[in-house]
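Reader: I am new to this structure. Please take me through one packing contact closely, then show me what lies around it.

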Amino acid sequence: MRALIEDDNINYEYIIRYLRDSIPERQGLLKEMEEFAHTYSVPISQPESIRFIEVLLKIKPAEKILEVGTAIGYSAIIMAKASGGEVTTIELSDDAYRKANEFISRSDVAGKINVIHGDANEVLPDLEGSFDFIFVDAAKGQYNDFLPHCMRLLKKGGVLVSDNILYKGMTATDELLTHRKITIVKRLRSYIETLKESKELSTAIIPIGDGIALSFKEV
Ligand SMILES: C[S@@+](CC[C@H](N)C(=O)[O-])C[C@H]1O[C@@H](n2cnc3c(N)ncnc32)[C@H](O)[C@@H]1O
């Protein structure tokens, strides 16, 4: 337990290293984006998490994908490439929105990605259409607010992926919980409860990256 507390990771370092070594190294633009994210501390998806999503999308291609939380467009590009579909992605920050558009315009899926600049809490209620796959990867404390909109926008048979739901293990045990994070962790716990109790969803929690909830929309 001590090692986990000190390292902030939900998995042991040797497991993380092993998982990452099993993923082919990104090349070209995606590699440049990883380096940019590292240099400027932009929180992009962890390699094993985005690899999981990438493979999911290859298994079950999605024509329409919605992402909440673009950052610099790294996951949006990977999802567009893996699925062959269109990605609508929402980003609040001015700087991230600008940078995402810069990177996306240089990718070979530029025509497939639409970045909406705004707060998902304001954008989602007005969003129309239906999506095969939704990736929620924005402010963790707001997942409960995003959920009703995601449920409305997700097709029957669609997939909802929610990232960072174990939040450095704090969601799973009070032993790791720090005072400053109590509110956010309570919200994440309540989010997971809602997913679990939903009659419309079947959910599995996957302990990779910072924890992923993988939900299938039954009805
Ligand atoms: C973890 S990053 C997204 C990483 C990205 N999905 C990737 O893997 O490349 C989270 C992003 O969500 C954005 N964000 C946070 N709250 C938001 C909100 N309410 N609406 C839209 N974007 C939000 C942040 O500005 C940040 O860029």
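At what angle do helix 3 and helix 5 pack, and how far apart are their axes?

Author: First, the ground rules. This is a predicted model, in which local features need pLDDT of at least 70 and side-chain atom pairs count only at pLDDT 80 or more, while totals for chains, interfaces and linings use all residues. Residues are numbered from 1 along each chain as its sequence is written, and side-chain values use heavy atoms, with hydrogens and water left out.

Now the contact. Helix 3 and helix 5 pack at about 155°, and their axes are 10 Å apart. That makes the two helices roughly antiparallel. Angles over 145 degrees earn that label; under 35 counts as roughly parallel, 65 to 115 as roughly perpendicular, and the rest as oblique. An axis here is a line fitted to C-alpha atoms, for helices over the stretch in contact, and the angle between N-to-C directions runs from 0 to 180 degrees. Helices (H or I, at least four residues) and strands (E, at least two) are DSSP runs, numbered from the N terminus.

The crossing of helix 3 and helix 5 is left-handed. In such a crossing the near helix is turned anticlockwise from the far one by less than a right angle; clockwise would be right-handed.

Look at the side chains next. Helix 3 brings Leu29, Leu30, Met33 and Glu34; helix 5 meets them with Tyr74, Ile77, Ile78 and Lys81. Contact means heavy atoms within 4.5 Å. By class, this contact has 6 nonpolar residues, no polar ones and 2 charged. Ala, Val, Leu, Ile, Met, Phe, Trp, Tyr, Cys and Pro are the nonpolar class; Asp, Glu, Lys and Arg are charged; the others, Gly among them, are polar.

Helix 3 also has an exposed residue. His38 is found in helix 3. It counts as exposed, at 69% relative accessibility. The scale is simple: buried is under 20% relative accessible area, exposed is over 50%, partly exposed is in between (1.4 Å probe, protein chains only). His38 and Gly28 are 10 residues apart along the chain, and their C-alpha atoms are separated by 16 Å.

Ile23 sits in the loop between helix 2 (13–21) and helix 3. Ile23 counts as buried, at 16%. Neighbours within four places aside, Ile23 is in contact with Pro47, Glu48 and Arg51. Pro47 is 24 residues from Ile23 along the chain, yet their C-alpha atoms are separated by 7.7 Å.

The other partner, helix 5, has a loop between it and strand 1 (64–68), and Thr70 lies there. Thr70 is buried, at 2% relative accessibility. Residues up to four places away not counted, Thr70 touches Thr89, Ile90, Glu91, Ala100 and Val115.

Both helices feed the largest nonpolar core, which has 33 residues, with Ile113, Phe133 and Val161 making the most contacts inside it. A nonpolar core is a set of buried Ala, Val, Leu, Ile, Met, Phe, Trp, Tyr and Cys residues joined through side-chain atoms within 4.5 Å. Elements giving two or more residues include helix 3 (28–39), helix 5 (74–83), strand 4 (131–136) and strand 5 (154–163). The largest share, 7 residues, comes from helix 5. Among the residues that Phe133 touches beyond four places in sequence are Ile53, Leu57, Met79 and Val161. Apart from this core lies another, of 31 residues, including Val68, Ile90, Cys150 and Leu166.

For contrast, take helix 8 (residues 143–153) and helix 9 (residues 182–197). Their axes come within 9 Å and cross at roughly 25°. Helix 8 and helix 9 are therefore roughly parallel. Tyr143, Asn144 and Leu147 in helix 8 meet residues of helix 9, among them Arg187, Leu188 and Tyr191. The residues of this contact divide into 5 nonpolar, 3 polar and 1 charged.

Last, some backbone detail. Most residues other than glycine have a negative phi. Asn164 has a positive one, near 65°. Tyr167 is likewise positive, at about 40°. Asn164 lies in the loop between strand 5 and helix 9, and so does Tyr167. Asn164 is buried, with a relative accessible area of 14%. Tyr167 is buried too, at 7%.
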